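Here's a walk through one model, starting from a single side chain and working outwards. Have the viewer open and follow along.

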Amino acid sequence: MGKKFYITTPLYYVNAEPHIGHSYTQIATDAIARFHRFLGDNVYFMTGTDEHGEKIEKASIEAGHKKGDEKAFVDEIYERFKELWDNLDVDYDYFIRTTDKKHKEAVKYILKKLNKKGDIYKKKYRGYFCTPCEMFWSDFQAEGGICPDCKRELERIEEDNYFFKISEYQEWLTEYIESHPDFIKPDSRRNEILGLLNNNKLIDLCISRPKNRLRWGIEVPFDKDYVVYVWFDALINYISGPGYPHDMKKFKRLWPADFHIIGKDILRHHAIYWPIMLKALGLDMPKTIFAHGWWVFKGEKMSKSKGNIVDPYYLVGTYGRDTFRYFLLRDMPFGLDGSFTEDSIVRRHDSDLANDLGNLLNRTLTMVEKYFDGTIPPKPGPADVSEGGRRLSGIIKTLPDRLKDDMSGLDLNGALSSIWELVNAANKYIEDSKPWALFKEKEEVRLKQFIHNLIEGLGLAAITILPFMPSTARAMWRQLGFKEDIDKLDFKAIKRSGLSKPGIKVKKSKPLFPRIKSG
Ligand code: MSP
């Protein structure tokens, strides 16, 4: 059994269909999880849906459901998320819904525990609430009654509510973040949270909504007139999913999480409320909270209410699942923002996938067919000492460790660049070696060395591409004629060179990525 690796995504709100922002977090987390399976780790990848709260209650009514029928509504949208993840080849281990019985029981258990401990009290809440963000804002934070995050008009509320004493944990949290440099990543996000903690006094967190305003939520276990604030409910998924408190054996095996992958929009909830909730419960902190950037569309973050949503179903249907996965992971460094245009998908598809990768496979297999009747020839003794040959072998040797480095810092885009260095070196090797001339001049030894080097490079490319584009990797592997199950290979296998074995019959088939634009 390998090392435990527990990784999570946020729970997506089921007020509307999934969009490319959600797909991005999901595909990135999938690639990281797949890479760790590859390292031989014992991976637990958890995702799910956030199903309570005012935003969803409203959406349910807008969709034509009666008040009280929210479950039917969330069931429909939850299916759409699951369908999309299947469509995008996302291989998670567990899907949690906040309407699951075990989760609801965990939320109640935790509330009772914190209440007993004296961390919860009741008082009048006077301030604002933003339904689209599901956020409370104080008078001081909400200048002019406008949401500091989404800039929409806020709802003024005055109601008795329950509060969680987060202010008492401020000093502890600041010190914890300061002494754990890997706790919040990237560093820019860590500095943002430290800046916030060092320059402001935390206000206790309102964790309830009275039932006369909102019914769609988990009932507060010690007051039947209230439901739990949706963020307090949802964050608990990260521990209720792996078993807290109903299966403590499983929980102890999995907790603490190795990574919480989130978007930067929900950093405060994860880097302030969540650690304090855990501390109050006497539980360990997750190892790293990584906040990635946003896909922006004409300068604005994509969101349903802004009407600038890009439909992932359309993109997958038009360009293919792996082009979509590749584009998202390659075009924007994980951690920074990127601007979305359909033209850039086409560009990535035609240049990196059709020209560089697809052509490389196609040209190589054509040469095996033409020069060696489709069968990998016996290996000649000496290695190819040409500049191109040495460069390619050098990359083949160092790539696995480079990828390990890239991925340990979650540099997904860097990992893909490293793989493309191999692809580009292999293409250059073909240009420089002029195999057609070697064939004409009957330079058999050099031609055999050349084919072996290329097949070796392509085999490694297929293996390393698998976490990012699983279907492409499998298709390459099949065409290369390799017999081992690519999904069962691990890191040790990539380090062991010698994929290219004499006698393997290649199976050239249709191009992996037909060009979209001609030329
Ligand atoms: N339900 C909360 C999270 C609770 S976690 C305990 C929530 N849900 S959400 O549906 O709004 O999803 C937010 C997440 O979707 C972001 O944190 C991010 O991971 C992803 N994205 C949503 N829009 C995005 C972009 N435009 N670009 C990149 N990712 C974005 O917040």
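The side chain of H19 reaches the backbone nitrogen of G21, at a distance of 2.9 Å. This is a predicted model, so keep that in mind for every distance below. H19 sits in the loop that runs between strand 1 and helix 1. Is H19 buried or exposed? Its relative accessibility is 12%, so H19 counts as buried, the cut-off for that being under 20%. If you skip the neighbours within four places in sequence, H19 is in contact with M302, I309, V310 and P312. For a sense of where H19 lies relative to a residue much later in the chain, take L512: the two are 493 residues apart in sequence, and their C-alpha atoms are 26 Å apart in space.

One of those contacts, P312, leads us on to helix 11, which covers residues 312-319. P312 is buried there, along with Y313, L315, V316 and Y319. Looking down the axis of helix 11, you'd find these buried residues within an arc of 165 degrees, so they line one face of the helix. That fits the usual geometry: an α-helix has 3.6 residues a turn, so residues three or four places apart point the same way. What lies over the buried residues of helix 11? The cover includes helix 1 (20-38), helix 3 (70-87), helix 12 (321-331) and helix 13 (342-372).

Both ends of helix 11 are worth a look. At its start, a side-chain oxygen of D311 comes to within 2.9 Å of the backbone nitrogen of Y313. After the helix comes G320, with a positive phi near 95 degrees.

Now for the ligand. There are 25 residues around it, and L11, Y13, T25, D50 and W295 come nearest. Several backbone atoms make polar contacts with the ligand, including these:

| Protein side | Ligand atom | Distance |
|---|---|---|
| L11, backbone N or O | nitrogen | 2.7 Å |
| Y13, backbone N or O | oxygen | 3.0 Å |
| G263, backbone N or O | oxygen | 3.0 Å |

On its own, the ligand has 680 Å² of accessible area, and the protein covers 96% of that. Which element gives the largest share of the shell around the ligand? That's strand 1, with four residues. Strand 1 (4-13), helix 1, helix 7 (230-235), helix 8 (237-240) and strand 11 (259-263) each contribute at least two residues to the shell.

Another spot to check is T288, which belongs to strand 12 (residues 288-292). T288 has a relative accessible area of 9%, so it is buried. Leaving out residues up to four places away in sequence, T288 touches D182, F183, K185, D258, F259 and H260.

Zooming out, the chain has 19 helices and 15 strands. Its C-alpha atoms fill a box of roughly 90 × 45 × 40 Å along the principal axes. For 519 residues, a compact globule would have a radius of gyration near 24 Å, and the chain's 26 Å agrees with that. Of the 519 residues, 59% count as buried. The chain exposes about 22,100 Å², with carbon and sulfur atoms supplying 50% of that area. As for contacts between residues at least 6 apart in sequence, 77% of them join residues at least 24 apart.

Methods: Residues numbered from 1 in each chain as written. Predicted model: local features only at pLDDT ≥ 70, side-chain atom pairs only at ≥ 80, totals over all residues. Heavy atoms only, no water. Buried < 20%, exposed > 50% of the residue type's maximum accessible area, 1.4 Å probe, protein only. Arc of directions from axis to C-beta. Contact = heavy atoms within 4.5 Å. Polar contact = N/O pair within 3.5 Å; in protein donor to acceptor, adjacent residues only side chain to side chain. Rg over C-alpha atoms; globule rule 2.2 N^0.38 Å. Areas by Shrake-Rupley, 256 points an atom, 1.4 Å probe, with all protein chains shown as cover. Near = heavy atom within 4 Å.
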